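Welcome, and please have your viewer ready. We will go from stop to stop, with something to select at each one.

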Amino acid sequence: MEERGLTKKEAEKKLEQYGLNEIKDISKVTPLKILLRQIKSNFLIYLLVVAMLISFFVGKSVTAYTILAIIAMVIAVGFVQEYRSEKAISALKSMLMPVSIAIRDGKEQEVESNHLVPGDILVLRNGEKIPADCILLEEKELRVNESVLTGESREIKKIAGNEEKYSDENLVFMGTYIVNGRAIAKVIHTGMNTKFGEIAGLISTTEKELPLQRKVNNIAKYMATLAIIISVLTGIIILFRAEAINNEVIISILILVIALSVSAFPEGFPVVLITALSSGAYSMAKLNAIVNRMSIIETLGETTVICSDKTGTITKGEMTVKKIFAGNDFYNVSGAGYEANGEFIYKNKKIDIRKEPFYDVLFNNAVLCNDARIERTGEDNELKASGSPTESALLVLAAKAGLYKEDIMYKRVQEMPFNSDRKMMSVLCKIKSENIVYSKGATEYLIRHCKYMQKKGKIVRLTEKDKIAIFAANEFMAKDSFRTLAFAYKKVNSFSKGHFEEDLIFIGLVGMEDPPRDEVEESIRQCMSAGITVKMITGDNKETALSIAKQIGLNGKVLLGQELDNITDEELPRIISSISIFARVKPEHKLRIIRALKSNGEIVMMTGDGVNDAPALKESHIGVAMGKNGTDVSRSVADLTLKDDHFSTIVLAVSEGRTIFKNIRKFATYQLSCNFAELSILFLGVLLSPLLGWQVPLLLALQILFMNLVTDNLPAITLAVNPSSKDVMLDKPRKNSEILDKKLIGLLVFNGTLMMSFVLLSYLMSFNILGKSAEYSRTVALMTLIFLEIVSAFSFRSFRKGVLNRSLFVNPYLFYASAISLIATFAIIYTPLNKLFETVPLVLDGFIIGISFSLLLIIIFDILKYVNNKKEFFNFEH
């Protein structure tokens with residue numbers, strides 16, 4: 001280990017490599033830091049400060065104080081939004097608090113990993129992330145991946161050591177992973193005192209710029225550039241047309257230019273992006289999908305293929321043993337779930353299974369060749385299980401016969417843990433004076449290691465005829481959707497690890513029922529409607545996979561893992577689109593499947609739960625880990641973690657990802673159309689003023705700032721939390737689309753032009769036709785623009801659905817924001833504030849003008865949406 005001299009850059013690189021620096025750490029982000037970040041990063045604030053200082057300098061103290069108040073409000077709005085987002089992200093992180101198994105008071109207990117203390121004794125198993133620096137007290141075939149510390153991905157063998165004298169080979173370190181075996185270890189360092197803590201301590205909160213953030217920033221840069229150019233041109237034109245040029249005129253024009261630049265500067269973009277992502281991620285968390293990396297929210301909406309594990313994701317993952325095959329006979333087992341209630345039935349008669357000749361060896365095997373745990377809850381025969389569903393089901397089976405692990409006086413001497421290559425597990429146990437090897441695993445794998453079988457209490461040689469009968473029984477159960485597991489044993493006098501699993505005695509099979517979840521069939525139909533292909537990947541045999549696929553409505557060809565081995569990497573992409581079911585696959589097969597799909601241009605989501613699934617999860621565009629039954633390794637590299645392990649949760653996450661991106665598009669289009677309208681009104685107003693006798697500017701600096709902050713930004717922010725539409729999963733997946741495409745740019749220009757035209761017409765009607773004063777006409781134009789921006793926000797709730805035939809409360813936040821905007825508008829017109837903002841009270845004709853143009857805008861857009869829905873001139877998303 002040579003990590004003592006890590007530089008900050010090296011530390012950041014290591015954490016970034018393992019995705020540990022993308023979600024902000026709320027414990028390090030204080031309100032003061034957020035406040036300072038708001039002030040430093042908001043260019044708008046600097047512009048307003050300049051305008052305020054100029055106002056103070058020329059003696060316009062009222063204007064200066066008003067601008068100061070606006071600066072305070074801008075900072076407050078940004079602070080509140082970002083602080084809420086930080087808290088939401090923090091809540092997400094706490095939803096997946098890691099736990100460890102510690103031995104306290106002589107019992108194994110689940111303890112939150114951050115509550116561990118030096119001296120705790122931990123039980124560490126395959127696939128777990130090590131929660132602290134520990135010294136090994138016992139180990140069985142232990143191998144650890146320390147790449148998070150060393151950068152080398154090779155597995156490192158560890159051995160037990162002496163507490164008084166030890167070296168690195170006797171230690172396991174926080175943040176590393178167990179990839180094989182199990183161990184008992186004693187905690188010696190926790191938290192920042194560990195080697196991993198040293199790396200984390202070298203850096204502060206490191207944040208990656210998200211792809212969405214880059215897109216938003218690019219739009220903001222273009223719009224800011226355009227805003228400054230038009231604002232300066234407007235100021236120059238006003239300056240040249242001024243009757244007299246003096247300091248007061250120059251200062252007024254300068255403040256106007258700054259106000260116009262501020263008004264058209266999309267400073268709300270970063271706030272809305274944070275709001276949309278954090279609120280969306282929090283909504284997904286409520287649906288049991290925990291976002292580990294914010295950057296995948298954008299990718300969710302682009303997903304074209306979902307590769308899903310069968311067990312526990314498509315199926316319920318609540319295994320129940322329903323059949324036993326032993327001695328060429330079938331036995332049925334009643335009961336369901338984790339309850340010790342059940343009967344054993346042979347030829348339609350209830351029997352005492354303990355009197356059967358295979359009972360001792362089969363049930364002892366089920367209990368002792370097992371790393372799961374069950375506890376009596378004290379309520380009837382209910383049991384609490386901890387461990388894999390398959391092994392838990394075996395313990396429940398034994399409990400139905402009255403056998404519990406603690407009832408057997410045994411010592412586990414040695415073991416060969418299960419792995420995906422061997423597909424079997426073996427243990428050597430000492431029971432009284434006998435040494436017995438118990439093995440369990442996939443039938444076709446375990447049978448290769450069997451030389452004998454037990455029939456009617458006698459041990460006979462395993463013949464080809466016997467093997468045919470065993471495989472027939474296995475296929476019979478598999479066709480009924482049962483997951484099968486085979487069992488064998490042997491007694492040994494001396495132990496030789498090289499012959500650990502040779503010449504075994506076959507005992508029998510068990511068939512476990514794991515039915516598909518009720519909602520999966522409907523979820524797959526939704527995926528098909530959304531243009532998303534679903535592929536089922538399982539380690540189970542072909543018959544079980546086909547049976548489950550038929551029940552959930554998944555059609556297509558089946559490919560076995562051994563067949564996949566015979567297909568080249570060049571051939572696989574050509575045939576993979578026709579394959580819907582992959583059976584008897586290994587983790588390395590998953591990696592090949594993902595790469596083949598990616599080479600075809602697909603956006604791939606992959607689920608996984610095991611330690612060996614980590615490479616496939618990292619290779620996919622979106623890696624999805626299981627929160628209940630997944631390993632720490634898989635969860636650490638995954639982009640998304642399912643708290644409930646349900647397939648339907650994946651579909652809900654995709655739906656939410658689509659909604660978030662659509663909301664960002666709606667906000668951006670709406671906000672920019674408002675900015676476009678405001679710029680155009682001031683610029684064209686200056687150009688038309690000589691022809692129509694208008695007093696320029698049409699809107700004053702403080703009016704522009706008020707509108708930008710209160711009646712523009714507030715409704716815009718609420719569009720970021722627009723609820724998902726019911727038909728969001730009817731669109732085909734988008735691929736690497738920008739926030740603004742040609743259709744949306746056309747839409748924002750069209751809406752901005754309409755608003756500009758209606759505001760100029762409102763001023764024309766008031767000033768030139770009705771003969772009102774310039775102050776009155778300016779107030780009419782201001783109110784009309786505010787009304788138009790509010791009704792535009794309601795129109796932008798959907799690109800396809802109208803306003804007049806929908807409830808105002810589809811997005812309640814927008815309704816309340818609009819109400820606040822209107823109240824604020826009436827306050828600056830009908831209260832003493834009108835002196836500050838240079839407005840005058842309006843009478844009926846002013847309201848008629850403003851409301852008429854607002855209704856006209858709604859009607860125009862509703863008609864256009866109706867026609868477009870019929871003719872589909874523009875294929876806007878739902």
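**A guided tour**

Start by selecting strand β10 (residues 320–326): 6 of its 7 residues are buried, so the strand is largely enclosed by the rest of the structure. Here buried means under 20% relative accessible area, exposed means over 50%, and partly exposed is in between, with a 1.4 Å probe and protein chains only. Helices (H or I, at least four residues) and strands (E, at least two) are DSSP runs, numbered from the N terminus.

A word on the model before moving on. It is a predicted one, in which local features need pLDDT of at least 70 and side-chain atom pairs count only at pLDDT 80 or more, while totals for chains, interfaces and linings use all residues. Residues are numbered from 1 along each chain as its sequence is written, and side-chain values use heavy atoms, leaving out hydrogens and water.

**Around β10**

Add strand β22 (residues 504–513), which runs antiparallel to β10 and is joined to it by 6 bridges. Two strands count as paired if DSSP finds at least two bridges between them. To see one of these bridges, pick Ala326 and its partner Gly508 in β22.

Now add strand β11 (residues 329–333), which pairs with β10 in the antiparallel sense over 4 bridges. Phe325 has Phe330 of β11 as its bridge partner. Which residue of this hairpin takes a positive phi? Select Gly327: its phi is near 60 degrees, and the hairpin has 2 residues between its strands.

**Thr443**

Next, go to Thr443, in helix α14 (residues 443–446). Its relative accessibility is 1%, so Thr443 counts as buried. Show its contacts (heavy atoms within 4.5 Å). Leaving aside residues up to four places away in sequence, Thr443 touches Ile470, Phe471, Asn474, Thr484, Ala486 and Leu509.

**Two packed helices**

Select helix α12 (residues 359–368), which is largely enclosed by the rest of the structure because 9 of its 10 residues are buried. Among these buried residues are Tyr359, Asn364, Asn365 and Leu368.

Then bring in helix α13 (residues 389–400), which packs against α12 at an angle of about 135 degrees, with the axes 8 Å apart. Axes are lines fitted to C-alpha atoms, for helices over the stretch in contact, and angles run from 0 to 180 degrees between N-to-C directions. The two helices, α12 and α13, are therefore oblique to each other; angles under 35 degrees count as roughly parallel, over 145 as roughly antiparallel, 65 to 115 as roughly perpendicular and the rest as oblique.

Show the side chains where they meet: Phe363, Ala366 and Val367 in α12 against Leu394, Leu395, Leu397 and Ala398 in α13. By class, this contact has 7 nonpolar, no polar and no charged residues. Ala, Val, Leu, Ile, Met, Phe, Trp, Tyr, Cys and Pro count as nonpolar, Asp, Glu, Lys and Arg as charged, and the others, Gly among them, as polar.

**An open sheet**

For the last stop, colour an open sheet of 8 strands, in the order β8-β28-β27-β26-β9-β23-β25-β24, with mixed pairing. At its edges are β8 (289–291) and β24 (557–560), each pairing on one side only. Neighbouring strands in this sheet are turned by 20 degrees against each other on average, direction ignored.

Inside it, strands β26 (residues 604–608) and β27 (residues 622–626) pair in the parallel sense over 4 bridges. Met606 has Gly623 in β27 as its bridge partner. Finally, add helix α17 (residues 542–552), which packs on the sheet and touches β23 (533–537), β24 and β25 (579–583). The direction of α17 makes about 140 degrees with that of β25.
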